[in-house]
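Got the viewer open? Let's take a short walk through this one, picking out a few selections as we go.

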Amino acid sequence: MYDYSPPGGREQRIFLSGREYLHSLYIKNYFNPGQRILLVGNQVDPFFLNYYLYPIRLYYYDSRALSPEEIKKSYVKKWMRQKKVEYILVYTPFDESFYQVLMFQDRKNGTY
Amino acid sequence: MVLIRILYSQVLFLLTGSFLEALIFPMDNTSGNFWQRLSRVYLLGWGGLSVLLFLLGFFRVILNAQVIFLLPLFFCLGTLFLKRKKLKQIAKLAELFRRANIWSRNLIKQWSFLEKILFLAILLVILLQFQYLIRLPLLGFDSRAHWAFKTKILHYEGTFYSESFYESERIHPQVRHPLLLPISQIVITKSLGRYDDRLMRLPFVLIFASILCLFYNELKRYYKRLFALGFTLLMATIPKLNTPGDGGLTSGYADALVALFFLCMLIYFVQWLQKGEMKYIITSALFSIFTILIKDDGIGCLGSISLSFLVCLFLFRFRNWKRKIGAFLIFLFLITVFIIPARIYSYSLSVGKGEYFEPLLNIPTIRNNLNRLGMIFLSYKSEFLMNIPHWGILWYFLIFSMIYNSKRWFVQEVLFVGLAFFFYLGVLTVIFIVLPWNLSQFFAGSLARLVMHLAPACSYLISLLWVNRLKNPISS
């Protein structure tokens with residue numbers, strides 16, 4: 001696993017290798033039980049993540065978006081406010097051996 | 001400590017089972033030997049406690065440790081109170097235990113070498129399942145995303161009216177699956193005091209062992225010990241049932257349980273057809289309730305058994321047909337009473353409707369999709385006849401047995417089980433015709449799992465077909 005930016009940053013880019021179970025454990029480290037996360041997927045089947053991450057509350061939005069900029073658009077922001085989601089995870093296959101997770105933290109005003 | 005907690009959870013099932021057993025079966029020799037009773041007590045207890053917890057949950061009682069632990073104790077006290085005039089009979093239970101002579105050397109000495117080998121092979125299969133259970137985590141997609149996830153929610157939240165079930169944006173596929181299996185698993189996780197996705201699957205193996213015991217004792221009515229053990233081994237070693245992966249017994253999928261309880265439904269229905277005693281059809285009804293509440297496919301099992309019974313009723317013109325129909329209506333009524341809450345709950349969920357085929361189950365859809373039949377039958381052919389790693393010689397043995405014993409086709413129990421078998425295959429075919437998904441993709445992942453529902457029933461059918469040729473000298 002490679003962490004390309006320091007923890008605590010507003011935007012964090014993580015590359016995950018290995019199987020789904022390891023991905024889940026790695027992601028789980030960042031959150032506390034009961035926190036709400038919006039998982040924005042693209043070409044992934046995220047159901048197992050929900051199993052391992054529970055009781056972290058995972059919402060799913062299949063964005064079909066190809067870039068973080070597209071994901072940051074208003075629909076997600078609005079949704080984050082409605083569901084009181086604190087983080088957004090973008091979970092996409094990066095290449096054959098890595099998955100890429102982009103993590104955004106919500107500010108008080110609901111923008112990134 | 002873990003062992004004590006696990007044992008405690010199994011005692012909870014046994015206490016509930018004893019209550020049901022005491023209600024249905026009298027304490028005499030007509031209700032089977034010690035092992036048969038113990039197996040039935042476990043099966044009835046597993047399902048009975050889970051159904052009751054589901055009903056409590058349905059009425060918004062939080063399923064916490066107190067509720068789960070106290071309920072079977074109330075059952076125990078209730079049994080003693082109801083049967084207080086027959087308390088002497090409880091002493092008979094001890095006598096039955098003593099007479100069972102379970103650890104006697106002489107008992108084993110009576111067995112021939114071949115019988116011992118067959119028995120050891122069956123034990124080995126069960127031990128292999130225990131080994132899978134302890135060694136392997138949940139591996140399959142459905143086992144985690146569908147079944148274990150529901151268990152996890154129920155373990156932490158104690159209710160199925162939470163946001164995790166009702167909110168459409170939460171990731172929760174097949175949210176409307178029945179909840180008996182997850183509820184039965186929280187009895188174990190609550191006893192352990194933590195969520196454990198290995199140990200919570202323990203009942204899968206114990207149910208398998210119990211059903212093997214029931215199956216053996218059922219066959220003992222027709223055969224001498226050697227053949228009964230042989231056919232039990234045939235059922236125990238169905239490769240697909242034994243695989244730890246996709247759909248196998250310890251994989252965490254519900255399909256293995258549907259298959260095993262379908263066999264129980266058939267066994268007790270056949271006993272009722274032969275002996276006409278209400279206790280058998282009530283037991284069959286209880287197993288039907290469990291099967292339907294484990295997975296919706298149980299409705300197909302019930303439908304095929306009902307249709308098969310009606311055909312047999314027409315063909316054999318039972319002398320006491322009015323009594324038979326009356327008992328059959330009680331059977332259906334009992335099942336309906338218990339599955340109505342599950343259906344009400346399922347329809348109350350506004351989410352996940354697109355994942356199910358029920359809305360498509362209508363004549364126009366069937367007519368439009370009839371062109372799928374060719375592909376379905378080709379897939380059946382490759383699954384039943386070519387997929388040796390999944391089924392071994394099971395289906396070939398069925399074909400051979402049917403041809404070789406064709407004179408027995410119209411014997412009551414053979415016809416009943418055979419028709420139920422083929423009607424269920426018909427039910428599967430109709431479901432495949434209306435399924436909203438891509439059929440080839442669906443078959444690649446799920447056909448073997450669904451065909452497995454028929455495999456234990458197939459073993460039963462095979463064993464019934466050979467009765468005349470391998471007759472039990474004791475019963476004859």
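Is Glu157(B) buried or exposed? Select Glu157(B) and check: its relative accessible area is 17%, and under 20% counts as buried, so Glu157(B) is buried. Keep in mind that this is a predicted model.

Now add Arg57(A) to the selection. Its side chain meets that of Glu157(B) in a salt bridge, 3.5 Å from N to O. The pair crosses between chains, running from helix α7 (residues 141-157) of chain B to strand β4 (residues 57-62) of chain A. Arg57(A) counts as buried too, at 19% relative accessibility.

Next, zoom out to chain B as a whole. You'll find 23 helices and 0 strands there, and 57% of its 476 residues count as buried. Colour by charge and you get 48 positive and 21 negative side chains, with the centres of the two sets 11 Å apart.

Back to pairs: select Glu218(B) and Arg221(B). They form a salt bridge whose closest N and O atoms are 3.0 Å apart. Glu218(B) is buried at 1% relative accessibility, while Arg221(B) is partly exposed at 27%.

Then pick Lys295(B) and Asp255(B), another salt bridge, with closest N and O atoms 2.8 Å apart. Lys295(B) sits in the loop between α14 (278-294) and α15 (297-316), and Asp255(B) in helix α13 (residues 255-275), so the pair ties together parts that are 40 residues apart in sequence. Both residues are buried.

Last stop: keep those two selected and add Asp142(B), Asp297(B) and Arg449(B). Together with Lys295(B) and Asp255(B), they are linked in a network of salt bridges.

Conventions
Residues numbered from 1 in each chain as written. Chains lettered and ligands numbered in written order. Predicted model: local features only at pLDDT ≥ 70, side-chain atom pairs only at ≥ 80, totals over all residues. Heavy atoms only, no water. Helix = DSSP H or I, 4+ residues; strand = E, 2+ residues; numbered from the N terminus. Buried < 20%, exposed > 50% of the residue type's maximum accessible area, 1.4 Å probe, protein only. Lys, Arg positive; Asp, Glu negative; His and termini not counted. Charge placed at Lys NZ, Arg CZ, Asp CG, Glu CD. Salt bridge = Lys/Arg side-chain N within 4 Å of Asp/Glu carboxyl O.
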